[in-house]
Amino acid sequence: MSGKAASGGIGDRFGGVLSAPYTLIMKVLDIPMRAVQNAIGERRMPYVFLLPNFLLFGLFVFLPLILNVGYSLTGGSKLYLSERPFVGLGQYATLLDCTNHLQPSTCREDHFWRGVYNTITFVVLQVVFMVLFSLLTAVVLNMKIRGRGFFRAVYFFPVLLSPVVVALIWKWILQREGLLNGAITTLGGEKILFFVEPGWAMFWAVFVSIWAHMGFYTLILLAGLQAIPADIYEAAEMDGTKKWRAFHRLTLPLLMPNLIVVIVLSLIKGVQTFDEVFVLTGGGPGTATLLVVQYIYETAFSNQVQNFGLAGAASVMLGVVLFALTLLQLFFARKGEKPT
Amino acid sequence: MAQLELKGVHKSYGPVKTIHGVDLSIGDGEFVVFVGPSGCGKSTLLRMIAGLEEITDGTVSIDGKVVNDVPAADRGLAMVFQSYALYPHMSVYQNMAFGLENMGLPRPEIEKRVQRATTMLQLEPYLQRKPKMLSGGQRQRVAIGRAIVRDPKIFLFDEPLSNLDAELRVAMRKELSALHAEIGGTMIYVTHDQVEAMTLADRIVVLRAGRIEQVGTPLDLYHRPANQFVAGFIGSPRMNFLKGTVAAPGTIAIAGGRSLDLPAAAGLPAGEEVTVGIRPEHVALCGREDADVMIRLDLVEHLGGETYLYGQSETLPSMTIKQDGDCAATRGDMLPLRLVRDRLHLFDSAGLVRRAA
């Protein structure tokens with residue numbers, strides 16, 4: 001009995017030591033918070049708690065957004081907005097100035113349009129194959145297979161890596177003297193210059209992007225698959241449903257809310273893609289894998305003439321597209337919440 | 001309609017045995033209810049008949065043909081699940097038609113069968129609704145309809161009324177009885193609710209720990225239980241059990257009560273510990289001089305048409321007595337009780353019933 005009391009005492013004292021800094025901070029904060037509450041009243045206190053986040057959001061998201069719109073309406077190469085001449089929608093006109101919009105070479109800003117078409121190609125391929133592969137993986141991982149937990153972890157692991165690390169790993173594998181070419185030559189084949197051939201470069205850009213993010217979407221689909229009650233499949237079995245028909249008529253429709261989330265999220269993420277493709281291919285060969293975000297980055301920061309106005313206008317246009325996609329996602333998410 | 005036969009059916013999950021050799025014959029058009037406490041293996045047995053669980057050992061035969069290796073869909077059975085297991089994205093019509101489409105039936109035949117089932121189950125107004133837009137009772141009717149349209153040899157019901165509230169359960173019970181009368185199919189029904197078992201079954205199969213304890217008609221089980229488990233499980237409120245000892249051949253000394261002359265105890269040796277069982281409706285209030293036992297009343301439940309009295313004494317376990325609705329007994333009363341002799345059940349030390357020769 002006394003032993004128990006003693007151990008409880010030690011536990012209490014240990015806990016007391018651990019919580020001491022917390023208690024101290026609370027005591028220090030208590031005085032001004034009480035003063036604020038007395039001054040503005042208890043009902044307005046929630047706004048005080050929201051204020052720090054609002055400030056950070058305003059400073060690092062909302063203000064740059066406004067500034068970006070401001071830059072997109074100005075010209076010249078000066079950094080400070082106050083020193084830049086107002087050009088109205090001139091930058092947008094420059095971006096949209098084409099003889100034939102389907103042929104980037106006829107556009108004044110041909111790199112922007114190449115970026116747009118490359119991004120569309122990249123996004124379409126990435127979304128289609130991302131959904132296919134993550135669905136296939138989720139279905140397999142949902143089966144009673146040996147080492148299921150291990151494989152679930154393995155497929156999710158790349159998601160934890162930084163996109164730059166992912167791109168560097170694959171660059172080491174795919175470059176001229178990389179692992180893959182090493183394996184090909186060992187087997188008697190000829191080296192393939194993956195980053196010199198435009199088709200290969202786009203293929204690997206899409207492949208690496210899918211490899212890096214597939215685990216996340218697989219997880220969403222796996223959660224959806226596990227939410228489908230097992231007795232529905234048993235009822236289908238009693239109904240004499242063949243496996244493929246059960247997948248097509250039961251699994252796919254019941255998984256649709258998750259599939260829509262995956263499609264829209266991968267669409268948004270695909271449009272935003274920059275770092276992994278930039279590190280992997282640098283947008284090359286030529287402009288074969290140049291994406292819109294890379295165009296914006298280079299126009300604003302790495303070209304000899306830093307054109308903040310043009311980059312700002314391209315950013316705003318990209319922002320509008322992303323906003324529309326986000327609305328689409330919210331629409332489907334709300335539709336999914338409503339009872340049907 | 002069909003006959004079903006189970007012979008030496010065993011089920012094991014790895015080293016864990018859940019069904020220990022079940023033998024059972026179910027006749028054409030019979031309504032048989034599997035009943036037992038949770039974990040007794042009744043649902044497992046049903047799922048093995050359905051083809052949703054593999055049979056570890058023994059055989060399941062339908063109309064004389066062993067179906068152990070026949071896939072669920074080809075056994076000609078239909079099952080109604082506890083959770084309804086309706087396809088949530090399909091309408092009532094699509095739910096019922098899905099299995100028929102799998103069978104490759106022509107569209108007019110599918111429509112005819114669904115129409116017939118929906119009329120029978122009064123589901124016509126809901127044909128285009130999704131399951132989410134239906135009440136629990138309506139969903140259960142759709143699940144039953146899905147089974148009916150397949151025109152199965154045997155209907156299997158796995159605790160189909162468990163998710164319904166008490167009032168709806170009673171209503172659905174009546175509907176199921178009427179349905180059986182109308183269709184006349186062989187039906188196997190699993191429940192843990194002995195009232196459902198008593199009201200629905202032609203025959204009841206009482207299961208415990210993967211073994212059949214007794215098979216019989218509801219009244220057979222009620223009046224002639226094979227053992228103390230069945231006696232306690234069938235009947236509500238449950239049978240009272242009083243500990244006793246064989247004082248002399250044919251005489252039982254009840255702990256805390258009078259000695260009872262029981263012909264059923266004639267063959268038992270003196271000194272053997274036994275249990276005397278008596279149902280609450282077979283215990284009578286009497287004068288002190290006629291009392292077999294005395295108890296102090298702990299609780300009185302007036303249900304209007306009947307009254308339940310609960311009491312005990314220092315030497316007797318808790319007892320339940322059923323009386324008329326106008327019974328005047330109150331809490332704290334000392335009640336002299338007489339046990340109606342020809343309604344007593346005697347169980348030996350192994351829990352098996354002993355009957356008079």
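Two strands are said to pair if DSSP finds at least two bridges between them. With that term in hand, the tour of this predicted model may begin at one such pair.

Select strand β7 (residues 154-158) of chain B together with β6(B): the two pair in the parallel sense over 4 bridges. Within this pair, B:Met79 lies opposite B:Leu156 of β7(B). Next, display helix α4 (residues 136-149) of chain B, which packs on the sheet and touches β6 and β7 of chain B. The direction of this helix makes about 175 degrees with that of β6(B).

Widen the selection to the whole sheet. It is an open one of 6 strands in chain B, ordered β6-β7-β8-β3-β9-β10, with mixed pairing. At its edges stand β6 (77-80) and β10 (211-216) of chain B, each pairing on one side only. On average, neighbouring strands are turned by 20 degrees against each other, direction ignored.

Turn now to the largest nonpolar core, which has 93 residues. The members touching the most other members are B:Leu4, B:Leu6, B:Phe34, B:Leu45, B:Leu156 and B:Ile188. Helix α4 (residues 110-141) of chain A gives the most to this core, with 11 residues. Centre the view on B:Leu45: leaving out residues up to four places away in sequence, its contacts include B:Leu6, B:Val9, B:Phe34 and B:Leu207. A second, separate core holds 46 residues, among them B:Met96, B:Tyr126, B:Val142 and B:Leu164.

Finally, select B:Lys11, in strand β1 (residues 4-13) of chain B. Is this lysine, B:Lys11, buried or exposed? B:Lys11 counts as buried because its relative accessible area is 6%, under the 20% limit. Beyond its neighbours within four places in sequence, B:Lys11 is in contact with residues including B:Thr44, B:Met48, B:Glu53 and B:Glu54.

Notes: Residues numbered from 1 in each chain as written. Chains lettered and ligands numbered in written order. Predicted model: local features only at pLDDT ≥ 70, side-chain atom pairs only at ≥ 80, totals over all residues. Heavy atoms only, no water. Buried < 20%, exposed > 50% of the residue type's maximum accessible area, 1.4 Å probe, protein only. Contact = heavy atoms within 4.5 Å. Core = buried A, V, L, I, M, F, W, Y, C linked by side-chain atoms within 4.5 Å. Axes fitted to C-alpha atoms, helices over the stretch in contact; angles between N-to-C directions.
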